[in-house]
Amino acid sequence: MNSTVVLRHEGEIALLLIDNPPVNALSRQVREQLLECLHAALADDAVTALVIACEGKTFVAGADIKEFDLPLQPPQLPDVLALIENATKPVVAAVQGSVLGGGLELALACHRRIAERGARFALPEVSLGLIPGAGGTQRLPRLCGMQVALEMVVGGARISGERALQLGLIDRLVADQLRAGAIALAREVAGQPPRRVREQQVPEYDPATFSERATQLLRKLPGQEAPPLALEALEQAARLPFDAGMAHEREVFIARRQSRQAHALRHVFFAERDLASRARALGKRAPTRPIEHVAVIGAGMMGSGIALCLANAGIPALLVDTQEQALQRGRSVVEGYFQGSVEKGKLDAAEAARRTALIGFATSLERVADADLIIEAVFEDLAIKQDVFRQLDQFAKPGAILATNTSYLDVTAIASATTRPGEVIGMHFFSPAQVMKLLEVVRTSQVAPEVLASVLQLGARLGKTAIAVGNCYGFVGNRLLAVREREAGFLLEEGASPQEVDRVIRSFGFPMGPFELRDLSGVDIAWRNRQARELSEAERRCDLIEQLHAAGRLGQKSGAGYYRYEQGQRRGVEDEFVSDLLAEHRRRRGITPRSIGDDEILQRCLFVMINEAAHLLEQGIVDSANDIDLVWLHGYGFPRYRGGLLYHADEVGLATVVSALDGWRAAFPERGIEVVPLLRRLAEQGGSFTRG
Ligand code: T1G
C-alpha cells in the first residue's frame, strides 16, 4: 500500500505530510495513515509539537467524494480530528490552495493555522446535498462567529486568506515558505497549552440579524434539502454543548449521504469533471492553436457580452460593427458593466480599467486580419450570416478560426459560404454571455479536429462548461426546449393555463416555466423559428404563437405575451386576453377543455424531452448522456439537485417513461409521438442513461 501520509521530523517538530493527489482528499487510507502518524508523534517524547501539511498545489480539499456511495468506513473523520484537538502537544495546520470541507474541518481541529497567500476557505457540503460532517458547524462559529459561519455553511461562501486572517480563522498568512513558517510557529507554541476551538464559546451575536440573513440565503436555494439542515445544525452550536452539537451534526450528515439529492449532486460533480477530463484528453490528441486575439462581429447584446467574457479571461477582443450607433451602444454596455463591477466591489478600479482596455472597437470588417478567432454574433438570419462569413473569409488570416454564435441555424450552411469550412465552428453562448456558464461548441462533419480542440480549450479558459455537440436544428439545448414548448402548447389546447404549467415546472425546481421563459426570450423569436421550419400538422394547428404575435404580444419586450407585465415588472400577471384567446382557440378546434393534473403536466413536459434526448444520443449529436444533462443544468436552469434530465429519467424509471409515451401516442395519434428505439431498448433491458 503506497504511503499517502508520512511522518518526518524537523528537529523536535513532527511533520505529518499528506500526499494524495490530485486534491489530497481524506480517503480512508489517508485517515488511517494520518491516525498512525499522529499516534506515533504524540507518543514520541522528543516531539514537542506537530505540523500537518500537504504536498502539491492544495491542502485537503475535502473528504473523498467517491467514498460517499460506500458504507461508512473506519476510522471516521470526527475521531481522527478529536485525537488532534485533544492532543496535549500543539498541532499546527499549514494550508495552501483549496481548504474545503473536511480539509477546513481538519484545520479547525488543529490548535493553530498558518496559510499561504492565495488560499481559499469554504465548507461547500450543501452544494453536494450534505452538511459538514466533522465539526464544521460547531468549530467554525466558535472561531469566527455565527454570522460568518452562516455565510460559509449555508451560503457556501468562499473566503480568502486575507479575510480568514481578519476573522481569526487563521493565525498567520505568508507569501511563501509555508512549511518553514509552520515549523517556526510550532516551535513558538510548543510547550504552551493547546488552544482548542471546542473550548471556545460561540461569540455573542444578534439572533434577529442572523435569522433575517438566514432567510435571505435559504430563499436563494429553493428546493434544496441540505441548506435548512445545515442551518439547524449551526444553530445548535449556539445552544448545545460542543459534543451534543457534534453528535447532532454527524447524525444529519450520515443521513444526508444516502439522500436522493446528494446522489444527484455527486453525479453532477463527477459528470462535470468527466467533461473537463475528456476535453483535456482531446487537447492532447489534437494540437491546439493559440488564441490570443479575438474579434467579435456584431455589437448587440450577445456580441458585447462575448467581448466581456473574453476580457474577463484576459483575452484582448475587438468588437466590430459596421453600424456606428450599434458600436456606441456596445461601448456603453462594456463601460457600464465594468463600472458596475467596481461599484459592486467585484473589481477594483485598476483591474476594471485594465479589462476595459482589452476591448477595442471598429466599424470595418477588415480589422479582423490578425485575429486568431473571429466570433460572429449578428442577427439570427441565415443569409445575413452567410454574407458576413463570405467577407470574413476574405479578411481573416490563414489558420484563423471562424465561429458563429447562431442559436438554431445550420452551421454547415454558414460554413459553405467560405472556402475554409474546416475552420468554421459553432460557439453558442447563452444570454447574458458574460454570466451563463454554458457554451455549446457545434461541430460540423467538416470541422478540423484542432479547431474543435482549440475552441473547447478556450471554453475552459473562459470559465465555461464547454460541451461539444453535433450540428442539427437547435443543437442540444434549444432542440429540447422546442419539444418541451410544443408539448406545453398542446397542454394549453387541452385545457391547462400558462400559470398552471409554469407553476408545475417551477415547483419541479426550474427558475421559470416554459411560458414565462417564452415571454422573456420573445414570442417573436418563436414565431420566426416556426416560420423557418417545417411543422407537423398538429403543431401547425396549435398556432398560439402566431395568434399572440398577430396581436403584437411579443412578451416582456412589448409588455404582454402569455402574461401582462406592469411597468418595470419582470413577473407577469394573468391576462384575460390569453384565457379568452385559449377559449376561442379550443372552440374553433372543437376541443372540450379538461382539467389536467400536476403530475401529467410535469410528465408531459419532461418525458417528451427524455425521448428527444434519446434521439440526440442515437444520432451521435452528443458524446454522452451526461453532456445532455450538463447542457440543461448550465444553460436552461434544470435543478442541479435533480441530477439532470436523463439522470432524472433513470430515477423515474425508463419503463415508466416509455409506457407514458405509448399512452400519449394512442391518445393523440395525430401528434406522431414515436418512442425512440434506444429509449425503448434501454427500458426493455432494464438499462439506464447515466448509470454506466
Ligand atoms: N473527493 C474526490 N475526488 C475529488 C475531490 C474530492 N473531494 N475533489 C476533487 N476531486 C477530483 C476530481 O474528480 C478530479 O478528478 C480531480 O480531483 C481534480 O478536480 C466530512 C462531507 C478542489 C477546487 O466539495 O471543488 O468534505 O477528473 O478537476 O478545477 O464535512 O475539485 O481528474 O479524475 O475539480 O483544480 C467537500 C470539491 C467534500 C471540493 C479543485 N469538498 N472539489 O478544482 O480540479 S464533502 C468539495 C473541488 C466533505 C466533510 C464533507 C475542486 C477543487 P479527475 P478538478 P480543479
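Visitor: What makes strands β2 and β3 a pair?

Guide: Two strands pair if DSSP finds at least two bridges between them. Strand β2 (residues 13-18) is joined to strand β3 (residues 49-54) by six bridges, so the two count as paired under that rule. They run parallel, and I18 stands opposite C54 in β3. Strands here are DSSP runs of E with at least two residues, helices are runs of H or I with at least four, and both are numbered from the N terminus. The model is a predicted one, in which local features need pLDDT of at least 70, side-chain atom pairs count only at pLDDT 80 or more, and totals for chains, interfaces and linings use all residues. Residues are numbered from 1 along each chain as its sequence is written, and side-chain values use heavy atoms, with hydrogens and water left out.

Visitor: Why are β1 and β9 called edge strands?

Guide: The open sheet has six strands in the order β1-β2-β3-β4-β6-β9, with mixed pairing. Both β1 (5-10) and β9 (172-174) pair on one side only. From one strand to the next, the twist averages 20°.

Visitor: How is the direction of helix α7 against β6 known?

Guide: Axes are lines fitted to C-alpha atoms, for helices over the stretch in contact (heavy atoms within 4.5 Å), and angles run from 0 to 180 degrees between N-to-C directions. Helix α7 (residues 178-189) runs at about 160° to β6 (112-116). The helix lies across β1, β2, β3, β4 (91-95), β6 and β9.

Visitor: What makes the approach of A63 to the ligand a polar contact?

Guide: The term requires a pair of N or O atoms within 3.5 Å; within protein, one must be able to donate a hydrogen and the other to accept it, and residues adjacent in sequence count only if both atoms are side-chain atoms. A polar backbone atom of A63 is 2.8 Å from an oxygen atom of the ligand, so the pair qualifies. A backbone N or O atom of I65 likewise lies 2.9 Å from a nitrogen atom of the ligand.

Visitor: Which residues count as the shell around the ligand?

Guide: A residue is near the ligand if one of its heavy atoms lies within 4 Å of it. The ligand is surrounded by 26 residues, the closest being A63, G102, E105, E125 and R273. Helix α11 gives the most to this shell, with four residues.
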